[in-house]
Amino acid sequence: MVSVTVKNLTKTYEGGNTIAVRDLNLVINDGEFFTLLGPSGCGKTTTLYSIAGLLEPDEGEIVIGDKVVTSKADKIRVYPQDRELAMVFQDYALYPHMKVRKILAFPLENIGVDKHEIEERVEETAELLDISNLLDRKPGQLSGGQRQRVALGRAIIRNPKVFLFDEPLSNLDAKLRIRMRFELKELQQKLGITTIYVTHDQTEAMSMSDRIMLMKDGRVAQVGTSDDMFHRPKNIFVASFIGTPPMNLVDCTVVRKNGKLWFDATEFEMPVPPRMIPDIEKCVNKAVVMGFRPQNVSETSGESEYGIRVTVRVVESMGTSYLLHVNDGSHSLIAEVIETKAKPGEGKTIKIDPDKMHIFDKESGDAIVNAIAI
Amino acid sequence: MNWKRVFGRIVLYGGLLFFAFVYLLPLWSAITTSLKTPAEVAKTSALAFPTHPTLAPFIESFDSLKGPLVISLIITAGGVAGSVLLGSMCGYVFSKIRFKYDTFVFLLLAAGAFIPYQSILVPLFTTISKLHLFGTIPGLILTHTAYGIPMCAILFRNFYGAIPESIINQAMVDGAGPWRIYRKIVLPSTVLATVVVVTFQFTSIWNEYLFGLLLGGGEGQAMPATVALANLKGSLTAAWEVQMAGAIWAALPVLIIYIIMGRYLIRGYMTGAVKG
C-alpha cells in the first residue's frame with residue numbers, strides 16, 4: 001500500500017517574496033493516477049518536486065507509504081535518492097553519453113542489484129516497451145517517441161513506490177501525444193503503481209486521471225474526478241479551465257419581475273430554471289455569472305424562454321462537429337453543434353439547456369448551483 | 001564581378017599574410033639558428049638559411065636538458081592531474097549543489113586565479129620550506145595543483161553549468177548520490193571540457209618558470225626544463241644555436257599535445273562558447 005500524503009505544504013521563493021505553494025493538503029491513494037493540473041506558475045511542479053525531494057519546502061510534511069520523507073517540524077529530510085521514486089521529466093533527461101542499455105541499468109546499479117539480474121530486467125523492460133532494438137543506441141540517435149519510451153523504461157525498471165511525471169508528453173507532436181497518453185495509462189493500469197502526473201493540458205489530465213487536482217496561485221482550486229471537474233466545477237476558475245472549447249460565461253443580475261426570478265444579462269433575459277429557485281432566491285439583485293458549455297447549446301428556429309438572439313461571426317468545422325462563434329451584442333459565445341447551415345453574418349437563435357446551466361457568485365467566484373450531471 | 005569586394009579580400013588576406021609572417025619569424029630564426037655551427041651563427045643573419053646544416057646543437061642541448069625535461073614532465077603530469085581533478089570537483093559543487101553562501105565561497109576561490117605569482121613568492125617559499133618540500137618534485141606539484149585549482153574550478157563550473165538541471169535531478173531520483181552523479185554522469189558527459197582544461201593546464205604548468213626557479217632548487221634537484229633552458233645561455237659567450245635547439249626541445253611536448261588534442265580542443269571551446 002503506497003499512498004502519498006501532503007500536509008500543510010508551503011514553499012516560497014526569493015526569500016519569501018514569491019509564494020509558490022500555500023498550505024497545501026492532499027492525499028493520493030494507493031494505485032491512483034493523480035494529476036496536478038494548472039496554468040504555469042500555479043505551483044504544480046513545485047508540489048511534485050517537493051514530493052520527489054528535489055525541493056525542500058518551507059513548511060509541511062510529506063509521507064510516502066508509511067515513511068515520513070519530509071517534515072519541517074521534525075527536521076526530517078530524506079534525500080531524493082532514498083525515496084524509492086521514479087520520475088520522468090519533460091525533457092526526458094536521458095544521459096547523453098550512455099547507451100539505452102546503460103541508462104535503463106543505471107537505477108538498478110545505484111541500489112546494488114547484481115549484474116545478471118540487471119541484464120534480465122533490462123531485457124524484460126525493453127520488451128515491455130518495445131525498445132529492444134534500441135538498446136545499443138545513444139539518446140542522440142532516438143526520435144522523440146523513442147526517447148519517451150526509454151525514459152518510461154528507466155522509470156518502471158526499479159519497481160518504484162511512486163511514479164512522478166513532469167509534463168512528459170509536452171515535447172511530442174499532437175498525434176504521438178495521443179498514442180503515448182493511451183500507452184502511459186495502459187501501462188499504469190497494468191502495473192498499478194501510484195502515479196502523480198503534472199500537466200497544464202486539461203485534455204491530458206481529463207483523459208488519464210483517476211482524480212485531478214486543479215491548482216491556481218499555489219492553492220487548490222478543486223480536487224475530483226474528471227466528471228466532477230467538468231460537471232460540478234466549484235468555481236469560475238475551474239469551470240473556465242476545464243473543457244474545450246471553454247465554458248461560456250455571462251455576467252447577469254438576478255431580478256424579480258412579476259413575482260418570478262429572472263437572469264438579466266442586459267442583452268437578454270432568461271427565467272431562472274425551477275430547479276435553481278431555492279438557491280437563487282437568496283441572490284436577488286446580486287451579480288452572478290451564468291455558465292454553460294458550448295456542447296449544451298443548440299440552434300433553434302422557434303422562440304424559447306432559454307433562447308438568445310445572436311449574430312453568427314465564424315463557423316469552424318471540426319469534422320465531428322461545428323463550432324459557432326456568435327455574438328449577442330455584448331457577449332462572445334461559442335456553440336458546438338453536430339450539424340449546421342449557419343453562415344457568418346446570419347442572425348440566429350441559440351437555446352441553452354437549462355439543466356446544464358451553472359450559476360456562480362460574481363464576487364467570490366464560487367458555484368451557487370451546478371448543472372444536473374448524468 | 002564585384003571589384004570592391006575583391007579589393008577588400010586582397011587587403012584582408014594581405015594583412016593576414018603579413019601578420020602570419022611576422023608571427024612566424026621568431027620560429028623561423030629559431031629553426032635556422034639551431035641548425036648552424038657557432039661560427040655561422042656569428043657571421044650570418046638569424047634569418048639566413050644554414051649553409052652546412054648540423055644537428056650538433058640539438059645533441060648538445062638535449063644532453064643538458066634531458067634531466068630537466070623528465071622533471072618537467074613529472075611535475076606537469078602531477079600538477080595537471082591534481083589541479084584538474086580537484087578543480088573539476090570544485091566546479092561540480094559550485095555549479096550543481098546549492099548551499100549557504102555558495103556564491104561568496106566561490107568568489108573567494110576564484111579570486112585565487114587572479115593573484116599575481118610575484119606577490120605570493122615569499123609566503124610560498126616559506127610554506128614549501130617548512131613542509132620540507134624545497135627542491136623537490138612534490139613541492140612543485142603541490143604548488144601547481146594549489147595554484148591551478150581556482151582557474152580549473154572557474155572553467156569547469158562554466159562547462160558543468162551547461163548540463164541541464166533535469167539530468168542531475170533525474171540521477172538523484174534514480175538513486176545516485178552526489179559523488180556517484182559526479183563520477184557517472186557529470187565527468188563522462190563532459191569529456192571535451194576536460195580536454196580543454198587539461199590542455200590549458202598542461203601548457204601553463206609546462207611553460208611556468210618562476211615557481212620552478214624559486215622552488216626547484218637548481219641543478220641536481222627539481223629543476224624543470226624552463227629553468228634549465230635559461231641556464232643554457234652560458235656565462236661568457238651566448239651559444240645561440242644551443243639555446244634555440246633547447247627551446248625547440250622544450251616546446252615540443254606542448255606542440256605534440258596541441259596536435260593530438262587540436263580537434264577536440266576546438267569542439268570543446270565551442271561547447272563553452274555556445275553556452276555563453
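User: Why is Y23(B) called exposed?

Analyst: In this predicted model, Y23(B) has a relative accessible area of 68%. Exposed means over 50%, so Y23(B) earns the word. Y23(B) sits in helix 1 of chain B, which covers residues 3-34.

User: What makes the nonpolar surface patch that includes Y23(B)?

Analyst: Its makers are F18(B), F19(B), F21(B), V22(B), Y23(B), L24(B), L27(B) and I31(B), and the patch comes to about 880 Å². A patch residue needs over 30% relative accessible area, and Y23(B), at 68%, meets that part of the rule.

User: How do you know that the buried residues of helix 4 of chain B line one face?

Analyst: Happy to walk through it! Helix 4 of chain B runs over residues 102-111, and its buried residues are D102(B), F106(B) and A110(B). Looking down the helix axis, they fall within an arc of 65°, so they line one face. An α-helix has 3.6 residues a turn, so residues three or four places apart point the same way.

User: What covers those buried residues of helix 4 of chain B, and which residues are exposed on the other side?

Analyst: The cover includes helix 3 (56-96) and helix 6 (137-161) of chain B. On the other side, F104(B), L107(B) and L108(B) are exposed.

User: Which residues of the largest nonpolar core touch the most other members?

Analyst: They are I64(A), M87(A), L164(A) and I196(A), in a core of 117 residues. Beyond its neighbours within four places in sequence, I64(A) contacts residues including V2(A), I51(A), V69(A), L85(A) and V162(A). Another core, of 31 residues, lies apart, with L261(A), F263(A), F268(A) and A335(A) among them.

Conventions: Residues numbered from 1 in each chain as written. Chains lettered and ligands numbered in written order. Predicted model: local features only at pLDDT ≥ 70, side-chain atom pairs only at ≥ 80, totals over all residues. Heavy atoms only, no water. Patch = residues over 30% accessible without salt bridge, like charges linked within 9 Å, V, L, I, M, F, W, Y side chains within 5 Å. Areas by Shrake-Rupley, 256 points an atom, 1.4 Å probe, with all protein chains shown as cover. Salt bridge = Lys/Arg side-chain N within 4 Å of Asp/Glu carboxyl O. Helix = DSSP H or I, 4+ residues; strand = E, 2+ residues; numbered from the N terminus. Buried < 20%, exposed > 50% of the residue type's maximum accessible area, 1.4 Å probe, protein only. Arc of directions from axis to C-beta. Contact = heavy atoms within 4.5 Å. Core = buried A, V, L, I, M, F, W, Y, C linked by side-chain atoms within 4.5 Å.
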